[in-house]
Amino acid sequence: MRKKIIYGILAGAFITMAAVAFLAAPDSVTGSVLFAFGLLTIVNYEFMLFTGVVGYISEQKTFRDFINYSLFSLAVWALNLAGAVITGTLIRCTRTAAVIMPKLEALMRTKCADSAPSLFVLGIFCGILMFIAVNTYKRTEASPVAKVVLLFACVVVFILSGYEHCVANMAYISLYGKVDIFVISMLFFSSLGNIVGCNAVPLLRRIALNNSQN
């Protein structure tokens, strides 16, 4: 239990450190590549990231397993938030905060002004990419090069496309240091979108395989 708690907090912390690198980068392409540092660290050390675990809800066999795994995923979400808050609060006490704040403020204005349907749909597409990145990394038959390349590609695509990642949003919120109803709404709908997106690929694959066997 202690290991899971620590690993959940560390996942939120590393995503926040990656968010700082993205915000401090001179351009979006460089920033998106640097952001991949967070996910690459998480999958290598097997830390628990919400978008890395929630995609396996659809694989639960019984209703009880579904409920238990859903509660586990929710706990990971909370631990990621704790890691982001701790790291973001510490960063705000440093000179780095002044460097990233202009870009962060512009980003937060865009996100908080967005509509719920837009945040939800953008969250779905991000969830799809995150499931592909994490699940490919776990597959023993995939080559090491393919694992790393696809992971970086998925992160770069989600950043440059403006897709919504709930743990990245936790990081931005924590670095921003201001919470209101718009911030909470943004985090809520991006989280819902990530849940749907992370489960879309395994569900559709299962449907396709079942149809091919009939």
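**Exercise 1. State how much surface the protein exposes and which atoms supply most of it.**

Solution. Step 1: the exposed area of the protein is about 10,900 Å², where accessible areas come from the Shrake-Rupley method with a 1.4 Å probe and, for residues, only the protein chains shown count as cover. Step 2: carbon and sulfur atoms supply 69% of this area.
Step 3: the basis of the values must be stated. This is a predicted model, in which local features need pLDDT of at least 70, side-chain atom pairs count only at pLDDT 80 or more, and totals for chains, interfaces and linings use all residues. Residues are numbered from 1 along each chain as its sequence is written, and side-chain values use heavy atoms, with hydrogens and water left out.

**Exercise 2. Determine how confident the prediction is, and where confidence is lowest and highest.**

Solution. Step 1: pLDDT is the predictor's confidence in each residue, from 0 to 100. Step 2: its mean over the protein is 94, and 98% of the residues reach 70 or more. Step 3: confidence is lowest in helix α9 (residues 181-213), with a mean of 88, and highest in α8, with a mean of 98.

**Exercise 3. Describe the secondary structure and the overall dimensions of the protein.**

Solution. Step 1: count the elements. The protein has nine helices and zero strands; helices (H or I, at least four residues) and strands (E, at least two) are DSSP runs, numbered from the N terminus. Step 2: read along the sequence, the pattern is α-α-α-α-α-α-α-α-α. Step 3: compare the radius of gyration with the globule rule. The radius is 17 Å, close to the 17 Å that the rule gives for 214 residues, so the protein is as compact as a globular protein of that length. The radius is taken over C-alpha atoms, and the rule is 2.2 Å times the number of residues to the power 0.38. Step 4: along its principal axes, the C-alpha trace spans about 60 × 35 × 35 Å.
Step 5: turn to the contacts, meaning heavy atoms within 4.5 Å. Among contacts between residues at least 6 apart in sequence, 79% join residues at least 24 apart.

**Exercise 4. Explain why α8 is described as largely enclosed.**

Solution. Step 1: fix the classes. Buried means under 20% relative accessible area, exposed over 50%, and partly exposed in between (1.4 Å probe, protein chains only). Step 2: in the protein, buried residues make up 46% of the 214 residues. Step 3: in α8, eleven of the eleven residues are buried, so this helix is largely enclosed by the rest of the structure. Among them are Cys166, Asn169, Tyr172 and Tyr176. Step 4: the residue that follows α8 is Gly177, whose phi is positive, near 80°.

**Exercise 5. Locate the salt bridges and decide whether their partners are buried or exposed.**

Solution. Step 1: a salt bridge is a side-chain nitrogen of Lys or Arg within 4 Å of a carboxyl oxygen of Asp or Glu. The structure holds two. Step 2: one joins Lys111 to Glu164, with 2.7 Å between the closest N and O atoms. This pair links distant parts of the chain, 53 residues apart: Lys111 belongs to helix α5 (residues 96-113), and Glu164 to the loop between α7 (144-161) and α8 (166-176). Lys111 is buried at 9% relative accessible area, and Glu164 is buried at 4%.
Step 3: the other joins Arg139 to Glu141, with closest N and O atoms 2.9 Å apart. Arg139 is partly exposed at 36%, whereas Glu141 is exposed at 57%.
Step 4: complete the surroundings of Lys111. Its side chain also makes a polar contact of 2.9 Å with that of Asn169. A polar contact is a pair of N or O atoms within 3.5 Å; within protein, one must be able to donate a hydrogen and the other to accept it, and residues adjacent in sequence count only if both atoms are side-chain atoms. Not counting residues up to four places away in sequence, Lys111 touches Leu119, Glu164, Asn169, Tyr172 and Met186.

**Exercise 6. Identify what lies beside Val156, and characterise Glu46.**

Solution. Step 1: Val156 is in helix α7 and is buried at 19% relative accessibility. Step 2: leaving aside neighbours within four places in sequence, Val156 is in contact with Ser32 and Val33. Step 3: the C-alpha atoms of Val156 and Gly31 are 8.6 Å apart, although 125 residues separate the two along the chain.
Step 4: Glu46 lies in the loop between α2 (28-45) and α3 (50-53). Its phi is near 60°, a positive value in a residue other than glycine, and Glu46 is exposed at 59% relative accessibility.
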